[in-house]
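Reader: Before I plan anything at the bench, I would like to go through this structure with you, one question at a time. Could you show it first?

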Amino acid sequence: MSLNLYDTSTRTVREFVPIEPGRVSIYLCGATVQAPPHIGHIRSGVNFDVLRRWLTRQGYDVTFCRNVTDLDDKIIRVAADEGVPWFVVAERNQRAFTWAYDQLGCLPPTVEPRAMGHVPEMTELMHRLIDKGHAYASGGDVYFDVRSYADHYGKLSNQKLENMLAAGDTDIDSAKRDPRDFALWKGEKPGEPTWPTPWGRGRPGWHLECSAMATKYLGGTFDIHGGGVDLIFPHHENEIAQSQAAGDGFARYWMHNGMLQLGGTKMSKSLGNSLLIPEMLRKVRPVELRYYLIAAHYRSSIDYSDESLQESAAGYRRLEGFVSRAAEVIHDVDATAPLPQAFVDALNDDLNVSQALAVIHEVVREGNVALAQGNKEQVARHLAETQTMLGVLGLDPRSEQWRNTGDSGLREVVDALIAVALEQRQAARARKDYAAADAIRDQLAAAGVVVEDTPQGPRWELAR
């Protein structure tokens with residue numbers, strides 16, 4: 001079965017065929033850095049990290065471009081409220097996003113361009129659009145003429161031009177030929193940062209940035225454009241219009257992840273219901289939060305609750321527990337173990353991670369039976385399959401990413417201290433001082449460490 005992906009532009013599941021055999025180019029709309037990230041922001045990054053990992057596993061050389069919008073109206077307002085330059089706000093929150101992506105195991109992008117470093121490319125794109133009659137300058141602004149592209153505008157969002165409202169991206173609609181025209185460039189205003197162009201100083205409109213950056217790093221036509229479903233209109237619709245009107249093929253597949261909601265309401269800073277990443281990582285470990293964010297199909301919405309988060313974390317710990325127990329019996333895991341076909345089929349079916357996780361849980365169930373029966377051959381097979389599948393999803397508990405990141409970064413110290421306590425307990429049991437042995441176990445339990453005696457010796461895990 002080949003990889004099939006849901007393409008928003010055609011509203012169908014299509015077989016994925018890259019432009020160039022063996023290579024895949026992906027552009028993901030990244031953060032607008034007016035504030036630190038909540039889990040709704042990071043869901044997109046984690047979902048597309050899984051796509052990237054799966055394409056890499058299938059042998060593709062993936063170029064992954066995730067942009068940063070480091071200047072817009074919101075960033076300017078935050079900077080003004082704080083009395084600091086705009087770039088201070090952008091840099092602070094950019095670092096917060098990078099930290100969050102790293103914490104949740106997202107691979108670094110191949111390239112991560114910042115919008116304000118690409119004004120020359122934006123200027124060139126505006127020149128092309130004006131020369132082709134699809135844009136016009138007006139009073140220091142530059143606008144895209146949607147009627148010049150009327151036969152195609154609205155296809156991504158499945159809308160008709162006559163039913164659309166005004167773009168709402170300027171206070172002076174009289175400068176536009178049509179109120180639905182959108183700003184490519186905004187003329188300078190007092191107190192705002194500006195850059196020079198042939199049409200006057202100013203700053204770029206939001207939509208122009210992504211078209212300029214995507215084509216600079218991925219070419220005029222590339223494979224996949226991704227982002228949240230809330231970006232379909234107007235952002236992605238406008239990207240398509242300005243890029244294709246200028247003569248670029250632009251993205252061949254459009255993928256959009258669903259929103260994360262709280263009580264049925266879209267998470268946003270304005271609603272005051274954001275769950276910031278540091279706060280979330282006080283509730284669960286980073287790997288457990290990653291598991292939670294990818295467990296639902298990427299196109300579905302997630303209605304967040306603490307209960308659902310903890311249930312999901314418990315599900316991951318069941319997988320982790322098997323890997324830990326099996327690794328005590330099997331010391332050399334077959335890193336070349338093939339993936340179960342059901343797992344492959346699930347991910348090839350529009351990246352169906354929820355079904356892929358169901359396959360992993362079934363393999364773990366069988367692995368636990370083999371452990372109970374002492375069947376080392378079967379334990380080894382199930383362990384290899386489990387770790388290989390978890391590795392594809394960025395969830396392998398024995399990977400470098402998660403093995404060396406414990407609570408507060410002290411996992412190795414905790415391991416050593418608990419090992420000393422368990423040695424003392426074993427020594428007490430050997431001299432038949434069971435009261436002392438039980439006291440040590442009780443002290444560990446009071447500290448949140450659960451000790452289990454197994455045929456291979458005592459093992460421990462943190463109570464949850």
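Author: Contact here means heavy atoms within 4.5 Å, and the model we are looking at is predicted.

Reader: With that meaning of contact, which residues in α12 do the residues of α11 meet?

Author: On the α11 side the residues are Val359, Ile360, Val363, Val364, Glu366, Gly367, Ala370 and Leu371. The residues of this contact divide into 9 nonpolar, 4 polar and 2 charged. Their partners in α12 are Gln378, Val379, His382, Glu385, Thr386, Met389 and Leu390.

Reader: Is α11 roughly parallel or roughly antiparallel to α12?

Author: Helix α11 covers residues 353–373 and helix α12 covers residues 376–392, and the two pack with their axes 9 Å apart at an angle of about 155°. Angles over 145 degrees count as roughly antiparallel. The relation of α11 to α12 is therefore roughly antiparallel.

Reader: And how are α2 and α3 oriented to each other?

Author: The axes of helix α2 (residues 73–82) and helix α3 (residues 86–103) come within 8 Å and cross at roughly 110°. Since angles of 65 to 115 degrees form one class, the two helices, α2 and α3, are therefore roughly perpendicular.

Reader: Which residues in α3 are met by residues in α2?

Author: From α2, the residues taking part are Ile75, Val78, Ala79 and Glu82. The residues of the contact of α2 with α3 comprise 5 nonpolar, no polar and 2 charged. Those in α3 are Trp86, Val89 and Arg92.

Reader: UniProt lists Cys29, Cys210, His235 and Glu239 for "binding site"; what is the largest C-alpha distance among them?

Author: The listing comes from an unreviewed UniProt entry. In sequence these residues are spread over 211 residues, yet in space they cluster, with a largest C-alpha distance of 11.1 Å.

Reader: Is Cys29 buried or exposed?

Author: Cys29 sits in the loop between β3 (23–28) and α1 (39–57). Leaving out residues up to four places away in sequence, Cys29 touches Asn67, Cys210, His225, Gly226, Leu231, His235, His236 and Glu239. Its relative accessibility is 9%, and because the cut-off is under 20%, Cys29 counts as buried.

Reader: What is the relative accessible area of His235?

Author: His235 belongs to helix α6 (residues 232–245). Apart from neighbours within four places in sequence, His235 is in contact with Cys29, Trp206, His207 and Cys210. His235 is buried, and its relative accessible area is 1%.

Note on methods. Residues numbered from 1 in each chain as written. Predicted model: local features only at pLDDT ≥ 70, side-chain atom pairs only at ≥ 80, totals over all residues. Heavy atoms only, no water. Axes fitted to C-alpha atoms, helices over the stretch in contact; angles between N-to-C directions. Helix = DSSP H or I, 4+ residues; strand = E, 2+ residues; numbered from the N terminus. Parallel < 35°, antiparallel > 145°, perpendicular 65-115°, else oblique. Nonpolar A, V, L, I, M, F, W, Y, C, P; charged D, E, K, R; others polar. UniProt positions renumbered as here; feature names shortened; annotations may be inferred. Buried < 20%, exposed > 50% of the residue type's maximum accessible area, 1.4 Å probe, protein only.
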